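Grab a coffee and work through a few exercises on the model below. Try each task yourself before you read the solution.

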Amino acid sequence: MQQSPAPGPQMMSPVKDINTVNMCRAGQETVHDIVSRAQDVFTMLGAKNMQLPNNVTFHGPQYGEQKAKLDEQLRQVNLNFRKLRAFYTKINETCEQIELPLDQELIPYVGQEMPRSQPYSDSYYYVQEQHRDMVEQVRLKNQQLKEVIDNMRSIIWETNTMITMRK
């Protein structure tokens, strides 16, 4: 008797491969669909489509068509709410596994250094040192440019003074 191979990752359902972000996006699209269908329902039930109490404007076939459209819209809204509930439960199941930090840990306070959960790597310190060097170089270049601009200003001032004195 030959045993069947153990189910591997290739036999997993496609639902497990769906990303949480994609599920959130699909849920958002479902919400937009619910809202647009609800707007359609309200326009169908609007004042211009309502019949008078004495049934003066009652048209049988037109009423039947409107009722069928309304029933279809409500059925779709109900179906979308079920889909939205399925997305909600699946996303909550996925997010329950994620350990979220406390709110107090996320809000930095002035004068309080944020605690590091992981030490910095060597590359971070290397890049930080390069950043300091670059900032210092930029500061020195800015100082040189300021001196050049001041010298140019004084030369222009002296030139304008000499031109004015000549006249």
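The exercises below go from the overall fold to single residues, and the model they use is predicted.

**Exercise 1. Work out which secondary structure elements the protein has and in what order they run.**

Start with the counts: there are 4 helices and 0 strands. Next, walk along the chain from the N terminus, and the elements read α-α-α-α. Now look at how the contacts are spread over the sequence. Of the contacts with a separation of 6 or more, 83% are between residues 24 or more positions apart.

**Exercise 2. Find what share of the residues is buried, and describe the exposed surface.**

Take the burial figure to begin with: of the 167 residues, 8% are buried. Then turn to the outside, where the protein exposes about 15600 Å². Carbon and sulfur atoms supply 59% of that area.

**Exercise 3. Decide whether Thr30 and Gln73 are buried or exposed, and list what they touch.**

Begin with Thr30, which sits in helix α1, residues 20-44. Its relative accessibility is 6%, and buried means under 20%, so Thr30 is buried. Leaving aside residues up to four places away in sequence, Thr30 touches Asn80, Lys83, Leu84 and Phe87.

Now do Gln73, a residue of helix α2, which spans residues 60-96. At 13% relative accessibility, Gln73 falls under the 20% cut-off too, so it is buried. With the same sequence neighbours left out, Gln73 touches Arg37, Asp40, Val41 and Met44.

Put the two together. Gln73 of helix α2 has Arg37 among its contacts, and Arg37 belongs to helix α1. Next door in sequence, Glu72 is also in helix α2. Glu72 and Val41 are 31 residues apart in sequence, with 9.8 Å between their C-alpha atoms.

**Exercise 4. Take the salt bridges Asp33–Arg37, Arg75–Glu72 and Glu136–Arg139, and explain why the partners in each are about one helical turn apart.**

Count first: the protein has 7 salt bridges. Then go through the three pairs.

- Asp33 and Arg37 have their closest N and O atoms 3.2 Å apart. Both are in helix α1 with their positions 4 residues apart, so about one helical turn separates them. Asp33 is partly exposed at 26% relative accessible area, and Arg37 is partly exposed at 21%.
- Arg75 and Glu72 come to 2.9 Å between the closest N and O atoms. In helix α2 they are 3 residues apart, which means about one helical turn. Arg75 is partly exposed with 46% relative accessibility, and Glu72 is partly exposed with 36%.
- Glu136 and Arg139 meet at 2.6 Å, N to O. They lie in helix α4, 3 residues apart, or about one turn of the helix. Glu136 counts as partly exposed at 35%, and Arg139 does so at 46%.

One more item to tick off is a network of salt bridges that links Lys146, Asp150 and Arg153.

**Exercise 5. Classify the aromatic pair by its geometry.**

The structure holds 1 aromatic pair. Its members are Tyr124 and Tyr125, whose ring centres are 5.7 Å apart and whose planes meet at 70°, so the pair is edge-to-face. The cut-off behind that step is an angle of over 60 degrees. To finish, check the accessibility: Tyr124 is partly exposed at 34%, and Tyr125 is partly exposed at 44%.

**Exercise 6. Compare the UniProt feature at residues 128-155 with the model, then say which residues make the nonpolar surface patch.**

Read the record first. An unreviewed UniProt entry places a "coiled-coil region" at residues 128-155. In the model, this stretch is 100% helix and 0% strand. The C-alpha atoms at its ends are 41 Å apart.

Now the patch: Val148, Met152, Ile155 and Ile156 make a nonpolar surface patch of about 370 Å². Pick Met152 as an example. Met152 is in helix α4, residues 122-166, and at 46% relative accessibility it counts as partly exposed. A residue needs over 30% relative accessible area to join a patch, and Met152 has 46%.

Conventions: Residues are numbered from 1 along each chain as its sequence is written. This is a predicted model: local features need pLDDT of at least 70, side-chain atom pairs count only at pLDDT 80 or more; totals for chains, interfaces and linings use all residues. Side-chain values use heavy atoms; hydrogens and water are left out. Helices (H or I, at least four residues) and strands (E, at least two) are DSSP runs, numbered from the N terminus. Buried means under 20% relative accessible area, exposed over 50%, partly exposed in between (1.4 Å probe, protein chains only). Contact means heavy atoms within 4.5 Å. UniProt positions are given in the numbering used here, feature names are shortened, and annotations may be inferred rather than shown by experiment. Rings of Phe, Tyr and Trp (its six-membered ring) pair if their centres lie within 6.5 Å; planes under 30 degrees apart count as stacked, over 60 as edge-to-face and the rest as tilted. Patches are made of residues with over 30% relative accessible area and no salt bridge: like charges are joined within 9 Å, nonpolar side chains (Val, Leu, Ile, Met, Phe, Trp, Tyr) within 5 Å. Accessible areas come from the Shrake-Rupley method with a 1.4 Å probe; for residues, only the protein chains shown count as cover. A salt bridge is a side-chain nitrogen of Lys or Arg within 4 Å of a carboxyl oxygen of Asp or Glu.
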